[in-house]
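Please work through the exercises below with the sequence and the model side by side. Try each task before reading the solution that follows it.

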Amino acid sequence: MPKLSSHEVAKMIDQTLLKPFATTEDFRAFCKTSAEYDFKMVAINSAPVRKCKEFLKGSDVLVGAAIGFCLGQTTIADKVFETRQAILNGADEIDYVINIGELKSGNHAYIEKEMRSIVDVCREYSRTIKVIFENCYLTDDEKKTMCEIALKVKPDFIKTSTGFGTGGATLDDVRLMKSMVGNALNVKAAGGIRTIEDAKAMLVAGATRLGTSAGCAIVDAINQQGGFIEF
């Protein structure tokens, strides 16, 4: 990865609008801008999926639904239902939050069942699935356990954070996750990524997707310095 263009970076960005008070006009403007920058995906809650799919019609930007967001404290059945409904409403990708309490209780069978249940729905509809660990609440051993479960179930991505916890993506976490899964799974870094330097560091550490609400600023900054970032 010696050099990436601003457009190549844009195609690694999931641009987010997850505010609970966002209006229809907010989503309309957000989708218009996201289409202009040609991001990989818009990351939104599941309720506005249908309207964002309509707003993005004719663009290459995917619609991603956040499931069990942002605490992960709904049942497996709830998450499966929400996943299926989001897909039927037009979601191209799913990012779901694990049940952190069950992980910290040592109930690894529950975590595997939850992951497998949601992955199975996404495979049924040929949708990309990302598993949000919310690393700010986990020990390194718990992060490793999550990676081991993911290697068994095989979602498309494992993801650092929601961006709504006590901390976002860290380089140490991205490196740890990448070291555990190698090239078997992709790693998404999310939370606190706001500058070219942040984005570049996360990509070097092993992330292949970036979740951020600052995608426009990052792409603009790349263009202002010649249109490329070098590694």
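The exercises move from confidence to strands, then to a helix, a pocket and some single residues.

The model is predicted, so local features need pLDDT of at least 70 and side-chain atom pairs count only at pLDDT 80 or more, while totals for chains, interfaces and linings use all residues. Residues are numbered from 1 along each chain as its sequence is written, and side-chain values use heavy atoms, with hydrogens and water left out.

**Exercise 1. Confidence**

Find the elements in which confidence is lowest and highest.

Solution. Begin with pLDDT, which is the predictor's confidence in each residue, from 0 to 100. The mean for the protein is 98, and 100% of its residues reach 70 or more. Going element by element (helices are DSSP runs of H or I with at least four residues, strands are runs of E with at least two, and both are numbered from the N terminus), the lowest confidence is in strand β10, residues 228–230, with a mean of 94. The highest is in strand β7, residues 157–159, at 99.

**Exercise 2. The neighbours of β2**

Work out which strand joins β2 through bridges to Leu210 and Gly211, and how the chain travels from β2 to β3.

Solution. First look at burial, where buried means under 20% relative accessible area, exposed means over 50%, and partly exposed lies in between, with a 1.4 Å probe and protein chains only. Strand β2, residues 13–16, is covered on both faces, with Ile13 and Gln15 buried on one side and Asp14 and Thr16 buried on the other.

Next follow the pairing, for which DSSP must find at least two bridges between two strands. β2 and β9 run parallel and are joined by three bridges; in this pair Ile13 stands opposite Leu210 and Asp14 stands opposite Gly211. Strand β3, residues 41–45, also pairs with β2 in the parallel sense over three bridges, and here Gln15 faces Val42. Between β2 and β3 the chain passes through helix α2, residues 24–37, in a right-handed β-α-β crossover (with the strands pointing away from the viewer, the path from the first strand over the helix to the second runs clockwise).

**Exercise 3. Strand β9 and helix α9**

Describe the setting of β9, and list the elements against which the buried residues of α9 pack.

Solution. In β9, Arg209 and Gly211 on one side and Leu210 and Thr212 on the other are all buried, and both faces are thus covered. β8 runs parallel to β9 and is joined to it by three bridges, with Gly211 as the bridge partner of Ala190. The path from β8 to β9 leads through α9, and this β-α-β crossover is right-handed.

Now turn to the helix itself: in α9, residues 196–205, the buried residues are Ile196, Ala199, Met202, Leu203 and Ala205. An α-helix has 3.6 residues a turn, so residues three or four places apart point the same way. The buried residues of α9 pack against β1, α8, β8, β9, α10 and β10, where contact means heavy atoms within 4.5 Å. After α9 comes Gly206, with a positive phi near 130 degrees.

**Exercise 4. The largest pocket**

Identify the residues closest to the centre of the largest pocket.

Solution. A pocket is an open set of points on a 1 Å grid over the protein atoms alone, where a 1.4 Å probe fits, with protein on both sides within 12 Å along at least five of seven lines; lining residues have an atom within 4 Å of a point. The largest pocket holds about 450 Å³, a volume taken as the space filled by probe spheres set on the points, which are joined across faces, edges and corners. Of its 29 lining residues, Thr16, Leu18, Phe164, Thr212 and Ser213 are the closest to its centre. The elements that give two or more residues to this lining are β2, β3, β4, β8 and β9.

**Exercise 5. Two residues with positive phi**

Decide whether Ser126 and Glu134 are buried or exposed.

Solution. Ser126, in the loop between α6 and β6, has a positive phi of about 55 degrees although it is not a glycine. Its relative accessible area is 64%, so Ser126 is exposed. Glu134 lies in the loop between β6 and α7 and has a positive phi near 60 degrees, again in a residue other than glycine. At 1% relative accessibility, Glu134 is therefore buried.
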